[in-house]
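I opened this entry to note what I looked up on ring contacts and on one sheet. The structure comes first, and my notes follow.

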Amino acid sequence: SPVLLLNASEEVLRAPRFGIRTVESKCVYGSASVDGSLCVQFGRYGQRTCEGRGQDSPGAICTLAQDCGNFTVAPASTECVELDRFRVGGAASFTAFSAHGRSYLAVANFWDGGSTETASPIIEMPPDLALAPPTWRQGVHTRGARRWRHFTVGGGDWVVVASYRENSVAYPFLDDPLNPVDVSRPLTLHTKGAAAADVFQIGGDAYVAFACFFDAERLTRDTPSLLFRISASAVAPAGAAARVEAEFPTSGARDVTH
C-alpha cells in the first residue's frame with residue numbers, strides 16, 4: 001500500500017499546501033483601498049475571494065461578484081468564490097485511517113496566520129497516488145485543532161479532534177463520500193488546552209486520552225489530562241455517551257500515546 005509522508009508545520013508560510021498557490025493581492029475591499037501595498041491573504045475560515053479571467057493578483061477579498069468588478073487589479077474578474085477548500089495551512093498534525101472501505105487523511109489545521117478558528121480538511125486518499133490524486137471531502141470547523149483520531153463504537157465509525165482553544169469534539173463518521181463527518185451530532189468532550197489525543201478499544205467501548213497543556217481560565221499549565229470512556233447509547237443525540245474515566249495530574253502535557 002502507498003505511504004504518504006507529510007511534514008506537519010505550525011509555521012503557515014512553510015506548511016504543505018497540496019499544490020495550492022501562494023495568494024497575494026491588494027488589501028482592498030470593494031473599491032476602497034486599505035493600503036497600496038501587496039499583502040498575503042491567508043484565507044480565514046469562510047472567506048471569499050475574487051477569481052476569474054484577467055485576475056492579475058488572485059485572492060482579493062470580496063463579498064459579492066460586483067466587488068470583484070471594481071478592483072483595478074482585476075477589472076475583468078466577476079466571480080466571488082470560496083477559497084480553495086483543499087487547503088493545508090498551519091497544520092499541527094496529520095492522521096491516516098480507514099473507514100467504510102476507503103482511506104482518509106485528516107488534517108488538524110491549528111493556525112491560518114490570523115486565527116486558530118479555521119477549517120480542518122478530511123481528504124480521501126486513492127489506492128495508488130501514481131494513478132489518482134487525493135480528493136478533498138469535507139472541511140470541519142475547528143479552533144486550535146491539534147490532532148485527529150479515529151475509533152469505533154457500537155459498530156459505527158467516529159473521529160475525534162483534540163482542540164486547544166475550546167472543548168474537544170467527537171463526531172460520527174458516516175459512509176458518505178461527500179460529507180463523512182456528521183457535524184450535526186457532536187459529542188462534546190470537556191477538555192482544557194488539549195495538545196494531543198490517542199484512542200484504544202476495550203470490548204465495545206472506546207477510550208480517548210487527552211494530553212492537556214494549558215488551562216486558559218486559570219492561566220496555568222497545571223491542568224489534569226483526561227481519559228474518556230465512550231459507549232454506544234440509544235438515547236444520546238449523538239448515538240454515544242462519554243464520561244471521564246480517569247484524571248491524571250499533569251503540567252503542560254504535550255503528548256499521549258497508548
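**Aromatic pairs and a sheet**

Searching the whole structure, which is a predicted model, I found eight aromatic pairs. I looked first at Phe-151 and Trp-158, whose ring centres are 6.2 Å apart with the planes at 15°, so I entered this pair as stacked. I then checked the accessibility of both residues: Phe-151 has a relative accessible area of 2% and is therefore buried, and Trp-158, with 5%, is buried as well.

The next pair I noted was Phe-200 with Tyr-207, where the centres lie 5.3 Å apart and the planes meet at 5°, so that this pair too is stacked. Phe-200 has a relative accessibility of 18%, which counts as buried because the cut-off is under 20%, while Tyr-207 is buried at 8%.

I also recorded an aromatic cluster made up of Phe-97, Tyr-104 and Phe-173. In a separate look-up on charges over rings, I found Arg-146 over the face of Phe-110, at 4.5 Å from the ring centre.

How are the strands of the sheet ordered? I read an open sheet of four strands, in the order S9-S10-S11-S12, with antiparallel pairing. Its edge strands, each pairing on one side only, are S9 (145–153) and S12 (187–189). On average, neighbouring strands in this sheet are turned by 20° against each other, direction ignored.

Finally I followed S9 to S10, which covers residues 156–163, and noted that the two pair in the antiparallel sense over eight bridges. For Val-153, I wrote down Gly-156 in S10 as the bridge partner.

Note on methods:
Residues are numbered from 1 along each chain as its sequence is written. This is a predicted model: local features need pLDDT of at least 70, side-chain atom pairs count only at pLDDT 80 or more; totals for chains, interfaces and linings use all residues. Side-chain values use heavy atoms; hydrogens and water are left out. Two strands pair if DSSP finds at least two bridges between them. Axes are lines fitted to C-alpha atoms, for helices over the stretch in contact, and angles run from 0 to 180 degrees between N-to-C directions. Rings of Phe, Tyr and Trp (its six-membered ring) pair if their centres lie within 6.5 Å; planes under 30 degrees apart count as stacked, over 60 as edge-to-face and the rest as tilted. Buried means under 20% relative accessible area, exposed over 50%, partly exposed in between (1.4 Å probe, protein chains only). A charge sits over a ring if NZ of Lys or CZ of Arg is within 6 Å of the ring centre and within 35 degrees of the ring normal.
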